[in-house]
Amino acid sequence: MSEHTVTAYDDELNVMAGRIAEMGGLAEKAFAEAVSALVSGDTDLARRVIDQDRRLDALHQDVEEGLIAMIVRRQPMGQDLREITAASRIANDLERVGDLAKNVAKRAIAIDNDIQSKKLAIGVEHMTELALGQLKKVLDAYTGRDAEAARHVQEADAEVDAIYTSLFRELLTYMMEDPRVITSCVHLLFCAKNIERIGDHATNIAENVFFMVTGERLPEDRTKVDETGAV
Amino acid sequence: MNDMPKIEQATDMTDSKISANKVQVYYGDTHAIKDVDIEIQPRSVTAFIGPSGCGKSTFLRTINRMNDTLDICRVKGSIQIDGEDIYDPKVDPVQLRAKVGMVFQKPNPFPKSIYDNVAYGPRIHGLARNRAELDDIVASSLQKAGLWEEAKDRLDEPGTGMSGGQQQRLCIARAIAVSPEVILMDEPCSALDPIATAKVEELIDELRENYTIVIVTHSMQQAARVSQRTAFFHLGILVEEGPTQDIFTNPVDKRTQDYITGRFG
């Protein structure tokens, strides 16, 4: 797209997009490290994750203030309006991803030992890989203004949901077999839920990227596959 | 603004108040308006936007044949109001302009009293049989223009002594006094401060119930605020026309997009 007559407007939009990308990077890193802390029982790493969430929050506030200033100064229209509203929502989602990562890190400290079951760890890691992949792809779609890629992210969320459902079943089985693991299993269950919600945030971001690029709403035809209610 | 465009979209396009077909306007050798087709809905506000010299005011003036007053100006194609061709030789332009009123960029009250400014049209068109009827028309026109409270105690004072915003509402009252069906507004707020602008915009929104309004504006925010449909002109061409919300959030044409986002070279 060609430049604005007022070039400072383009600079502001670029700065905004850069900050969103930076938030995305921080959220990804926090999430990956939180799960790594959880799986390996590394409480130092978990504490660092908790600490670093402040940076993401500060950046979020910075982005919000910048967006409001742009609305006041530029009265954005069309594509610009969509970019700015999308950026605001995406920044919210990323901030939430950070909070969820922080929560996983807190639980990693609470559990304070390795996940007893290798099988469970594999399940959590696999789900994390998928959700993290979703987050990466959607951030690339945002940077590349790629509506098709955003659509794929939305479609792939079902996979994350499916793994969450199977983890849920597995954890239930463990708790029924041995009541002594209930505390750690409940923590794990919340962690799994948090990871699943990170996938949901990636989907939200995908919908916003799609709208930002095309001006159309992404049809929400996929049915939610959280079957834990039926277990 | 959210649901209004949807109502407009549902409006049957055959119910147009104004229907323009292949309209061309020439100023001497200059082809100022090219092939403009547009359907304008009754009892709604349609905004014309576009850069200076794009033809939006020229096209607006074809709707009440204001261009007739320029010798070098020729209009081709057809413009119908309620299915009647307004360029038919049988149409009296003076009667047409009573039906299609106009408000200009700079408030231009007559150098007469506030009362006479509003009474002028009804008098020449013979709309009142006696002074009492004329008083009624003046009062109700000033009321509809939201000026009654400010003007009722100074009807004998000159219209030119009012503030700019009041003068513009006086001009709107003057247009309303001859019971028009269509009101054309050519940048009606560009000489007004934000408060006076807000009052005129509020008035436009009220008038929409009874009149078909077409407004030319350079302020896209104004177009977004007051209109249900927006038409974008560029280089004499009607580039795009549609529900206002669509034009400002997701226009179809690249030129519209560039214009509304401030990217015109």
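Is B:F59 buried or exposed, and what is its relative accessible area? B:F59 is buried, its relative accessible area being 1%. This briefing concerns a predicted model. It covers two topics: the contact between chain A and chain B, and a cluster of aromatic rings in chain B formed by B:F48, B:F59 and B:F233.

**Interface between chain A and chain B**

- On the side of chain A, 18 residues are in contact with chain B, where 14 residues take part.
- About 1,200 Å² of area is buried between chain A and chain B, and carbon and sulfur atoms account for 46% of that area.
- One salt bridge is counted between chain A and chain B. It joins the side chains of A:D80 and B:R263, with an N to O distance of 3.1 Å.
- Between chain A and chain B there are also eleven residue pairs in polar contact, both residues being at pLDDT 80 or more.
- Two or more residues of the side of chain A that touches chain B are given by each of helix 1 (7–40) and helix 3 (78–111) of chain A. Helix 3 of chain A provides the largest share, with five residues.
- By residue class, the side of chain A that touches chain B comprises five nonpolar, eight polar and five charged residues.

**Aromatic pairs**

- Over all chains, a search of the whole structure finds six aromatic pairs.
- The ring centres of B:F48 and B:F59 are 5.7 Å apart and their planes stand at 45°; the pair is therefore tilted, since that class lies between the limits of 30 and 60 degrees.
- B:F48 belongs to strand 3 (residues 45–49) of chain B, whereas B:F59 belongs to helix 2 (residues 56–62) of chain B; the two are eleven residues apart, and the pair links distant parts of the chain.
- Both B:F48 and B:F59 are buried.
- B:F59 also pairs with B:F233, again in a tilted arrangement, with 5.7 Å from centre to centre and 35° between the planes.
- Because B:F59 lies in helix 2 of chain B and B:F233 in strand 9 (residues 229–234) of chain B, this pair ties together parts that are 174 residues apart in sequence.

**Burial and the ring cluster**

- B:F233 has a relative accessibility of 0% and therefore counts as buried.
- The 1% relative accessible area of B:F59 falls under the 20% limit, so this residue is likewise classed as buried.
- Ring pairs connect B:F48, B:F59 and B:F233 into a cluster.

Key. Residues numbered from 1 in each chain as written. Chains lettered and ligands numbered in written order. Predicted model: local features only at pLDDT ≥ 70, side-chain atom pairs only at ≥ 80, totals over all residues. Heavy atoms only, no water. Contact = heavy atoms within 4.5 Å. Buried area = accessible area lost by both parts, 1.4 Å probe. Salt bridge = Lys/Arg side-chain N within 4 Å of Asp/Glu carboxyl O. Polar contact = N/O pair within 3.5 Å; in protein donor to acceptor, adjacent residues only side chain to side chain. Helix = DSSP H or I, 4+ residues; strand = E, 2+ residues; numbered from the N terminus. Nonpolar A, V, L, I, M, F, W, Y, C, P; charged D, E, K, R; others polar. Phe/Tyr/Trp six-rings, centres within 6.5 Å; stacked < 30°, edge-to-face > 60°. Buried < 20%, exposed > 50% of the residue type's maximum accessible area, 1.4 Å probe, protein only.
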